[in-house]
Amino acid sequence: MLRRQRLIAATAVVAALAAGCADTAPQGSSSPPAKPPSSTPKPSEPDPSTTLTPGVKPPAAAPVTRSFPAKLPNGKPPLFVVVSFDGAGDLALWSHWRAVAKQVDARMTFFLSGPYLYPEARKTDYKPPYKKPGASDIGWADAPKAVARATVLRQAIAEGHEIGTHANGHFCGKNGIERWTATQWTSELDAFDKMVETGPTLAAKKTLAAPFDPSTVKGMRTPCLEGNRPAYRQVMRQRGMLYDASEPGYIAWPKKEDGVWDFPLQSVDLAGTHKSTLTMDYNLWYAQTKAKKAPAAHAPKLKAQVLATYRQALARSRAGNNPPLFLGNHFNRWNNSVYSDSLTTFVKETCRQPDVKCVSNIELIAWLTKNGVPKG
């Protein structure tokens, strides 16, 4: 059974990757920005000097400020729901998700792409393997938005959210990260550190503190969930990182692989069908419409199906020993915002339920470290 579940998960992600899974350029990148939804207010952009003061030590990227009981009154462990985002560039969606988290006392993990903090004028500082200097499949930041994102990152950390890395250029497919060696991954993550440390200063053309200390990043999700896992996990261990959120998997209590925690995107059934997909918005989109935009009139039905899929996964966890759910999203408005809207509804209705704890990846690790992996 376990082997079959793994095969289903692997098949689902392979199908999605064949369609060209990739992050979209964020608001204010060098690529044309998407228009924010009319229902989302334009975020304010506070003076970055209030949070990025030079000489002040940047905060750690992975705060743990809460603790949770080992068991619930029913004898089961808490049902942890981990919501995470790839890219984390669009300022309007930063505002949206931080507001949602505040409403339900949730903490989330945001896997940042380095170029979203680094000005396009300095893009050739980045020298990715097998690519020309400055190459990036997700574009680069324009200077004002790079500074604004740095400010938002600092504020999000202060609210208890975790920042992970999504690496830099987002190179997928046969000519992408799949062939990178451990040495090349070391270079990639060193470049991420540099973008975090120096990007806001280069963008502002004056000295600013980094939004966070990149040496304290504890987790990564690789672009398109790809990469030679033993190679990049070796580098993660050397850097003191604790978990990888890249591998397809299934709904079960996590375990360690290659010396780091394996927090997978999980194989689930698309509600009302026999299709297996992963708990990632892109994969859900691919399962629904082959990653093609459907007519706006179809959005309510598609949203209902995604929400039902999340609810089924929650019920499946409750039917067992409450293994955690890992739900992945991008900062996107794909398919008439079907996936962002569905996840918003699910978070609001779920995170206040008595047995549910909506946590970041690093909060889950803190609980596992203290209590161990439950059996069953």
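In this predicted model, strand S2 covers residues 109-112, and its side chains alternate: Thr 109 and Phe 111 point one way, while Phe 110 and Leu 112 point the other way. Despite the opposite directions, all four of these residues, Thr 109, Phe 110, Phe 111 and Leu 112, are buried.

Strand S2 has a partner in strand S1, which spans residues 79-87; the two run parallel and are joined by four bridges. One place to see this pairing is Gly 87, whose bridge partner in S2 is Leu 112. Leu 112 is also one of the buried residues of S2. Between the two strands comes helix H2, residues 91-104, and together S1, H2 and S2 make a right-handed β-α-β unit.

S2 also pairs with strand S3. These two strands run parallel as well, and four bridges join them. Here Phe 110 of S2 stands opposite Ile 163 in S3. To get from S2 to S3 the chain passes through helix H3, residues 143-158, and this β-α-β crossover is right-handed. S2 therefore takes part in pairings with S1 and with S3, under the rule that strands pair if there are at least two bridges between them.

The helices of these two crossovers, H2 and H3, pack against each other. Their axes are 11 Å apart and the angle between them is about 15 degrees. That angle makes H2 roughly parallel to H3, because angles under 35 degrees count as roughly parallel. The crossing of H2 and H3 is left-handed.

Past strand S3 the path leads to the disulfides, of which there are two. Counted along the chain, the bonded cysteines follow the pattern 1-2, 3-4.

One disulfide is formed by Cys 172 and Cys 224, with their sulfur atoms 2.4 Å apart. The pair links distant parts of the chain, 52 residues apart. Cys 172 sits in the loop between strand S3 (162-165) and helix H4 (182-204), whereas Cys 224 sits in the loop between strand S4 (219-220) and helix H5 (229-238). The torsion about the S-S bond of Cys 172 and Cys 224 is about 90 degrees, so this disulfide is right-handed.

Are the two ends of this link buried or exposed? Cys 172 has a relative accessible area of 23% and is partly exposed, while Cys 224, at 4%, is buried. The cut-off for buried is under 20%, which is why the two cysteines are classed as they are. Cys 224 has a further feature: although it is not a glycine, its phi is positive, about 55 degrees.

Lys 290 also has a positive phi in a residue other than glycine, with a value near 55 degrees. Lys 290 lies in the loop between helix H6 (281-289) and helix H7 (299-319). Lys 290 is exposed, with a relative accessible area of 53%, whereas Cys 224 is buried.

The two helices on either side of that loop, H6 and H7, pack with their axes 11 Å apart, at an angle of about 125 degrees. That makes H6 oblique to H7, because an angle that is not under 35, over 145 or from 65 to 115 degrees counts as oblique. The crossing of H6 and H7 is right-handed, while that of H2 and H3 is left-handed.

The other disulfide joins Cys 351 to Cys 358, with an S to S distance of 1.9 Å. The S-S torsion of Cys 351 and Cys 358 is -85 degrees, and the link is left-handed. Cys 351 is buried, with a relative accessible area of 8%, and Cys 358 is buried too, at 5%.

Further along the chain is helix H9, residues 361-371. Which residues of H9 are buried? They are Asn 361, Ile 362, Glu 363, Leu 364, Ile 365, Trp 367 and Leu 368. Just after H9 comes Gly 372, which takes a positive phi of about 80 degrees.

Methods. Residues are numbered from 1 along each chain as its sequence is written. This is a predicted model: local features need pLDDT of at least 70, side-chain atom pairs count only at pLDDT 80 or more; totals for chains, interfaces and linings use all residues. Side-chain values use heavy atoms; hydrogens and water are left out. A disulfide is a pair of cysteine sulfur atoms within 2.5 Å. Buried means under 20% relative accessible area, exposed over 50%, partly exposed in between (1.4 Å probe, protein chains only). A crossover is right-handed if, with the strands pointing away from the viewer, the path from the first strand over the helix to the second runs clockwise. Axes are lines fitted to C-alpha atoms, for helices over the stretch in contact, and angles run from 0 to 180 degrees between N-to-C directions. A crossing is left-handed if the near helix is turned anticlockwise from the far one by less than a right angle, and right-handed if clockwise.
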